[in-house]
Amino acid sequence: SDPVPYSGSPSVGHVAIVDVQNGTLMVIEARPTSQSAIDVVFGSSKNGVVATPYDKWLKDHDDHLVWQGRVRRDTDPSERARIAVKAREYIGRDYNFRLFDLADTSGFYCSKLVWLATFQALGIPLDGEPNTRRSFWVSPKQLINRREEIRMINAPGVYGRN
């Protein structure tokens, strides 16, 4: 069948970090363990931040469109790698979609994990707003559309449209 955007909504999507651990590409992400929309929004999932081998992650999502971007930074790749090092610290933390303080590390949703790891590692607020206290969550679409901070490596279409 035709590829579909990752998540139930093409306007929101999902975001993760690609890492190299012991020579193996990994995907670090915050994801709910339940597929129930009510559980995702109003619940909390134990051990929601996980690392999955990249090949397995791609195979599990082979019917999805995948955009890939890299932080725009005129720095050594080892500096950018600090983002993944920071994200690894949160593996095993809970998934929680309702934590609007981006500095609260008790739980994560996908874009909060990417935003916080990048902010802590490089001091870059990926959505352009350094204040961690929010009244609404930061979304994958906000991050991917922030061309000042993200350089697209692979873009199979216009993000957020079928």
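Buried means under 20% relative accessible area, exposed means over 50%, and partly exposed is what lies in between. Keep that handy while you click around, and remember that this is a predicted model.

**Stop 1: Arg-146 and Glu-148**

Select Arg-146 to begin. Its relative accessibility is 24%, so it counts as partly exposed. Now add Glu-148, which at 52% counts as exposed. Show both side chains and you'll find them joined in a salt bridge, with 3.4 Å from N to O. In general, oppositely charged side chains can pair when their charged atoms come close.

**Stop 2: Glu-29 and Arg-31**

Next, pick Glu-29 and Arg-31. Here's another salt bridge, this one at 3.7 Å from N to O. Is Glu-29 buried or exposed? With 1% relative accessibility, Glu-29 is buried. Its partner Arg-31, at 29%, is partly exposed.

**Stop 3: helix H2**

Jump to helix H2, residues 54–60, and light up Lys-56 and Asp-60. What do the side chains of Lys-56 and Asp-60 do? They meet in a salt bridge, 2.7 Å from N to O. Look along the helix: the two residues are four apart, so about one helical turn separates them. Lys-56 is partly exposed at 45% relative accessibility, and Asp-60 is partly exposed with a value of 45% too.

How many salt bridges are there in the count? The count comes to seven, and the pairs you've visited include Lys-56 with Asp-60.

**Stop 4: the positive patch**

Switch to a surface view and select Arg-70, Arg-72, Arg-147 and Arg-151. Together these arginines form a positive surface patch. Zoom in on Arg-151, which sits in strand E10, residues 150–154. Its relative accessible area is 37%, which makes Arg-151 partly exposed. That value fits the patch, because patches are made of residues with over 30% relative accessible area and no salt bridge.

**Stop 5: the nonpolar core**

Hide the surface and head inside. In soluble globular proteins, nonpolar side chains tend to be buried together. The largest nonpolar core here contains 28 residues. Select Ile-17, Leu-113 and Leu-126, the residues with the most contacts inside this core. Then colour strand E3 (24–30), helix H3 (77–88) and helix H4 (110–122): these are the elements that give two or more residues to the core. Which element gives the most to this core? The answer is H4, with eight residues. Leave H4 coloured as your last view of the tour.

Notes: Residues numbered from 1 in each chain as written. Predicted model: local features only at pLDDT ≥ 70, side-chain atom pairs only at ≥ 80, totals over all residues. Heavy atoms only, no water. Patch = residues over 30% accessible without salt bridge, like charges linked within 9 Å, V, L, I, M, F, W, Y side chains within 5 Å. Areas by Shrake-Rupley, 256 points an atom, 1.4 Å probe, with all protein chains shown as cover. Salt bridge = Lys/Arg side-chain N within 4 Å of Asp/Glu carboxyl O. Lys, Arg positive; Asp, Glu negative; His and termini not counted. Charge placed at Lys NZ, Arg CZ, Asp CG, Glu CD. Buried < 20%, exposed > 50% of the residue type's maximum accessible area, 1.4 Å probe, protein only. Core = buried A, V, L, I, M, F, W, Y, C linked by side-chain atoms within 4.5 Å.
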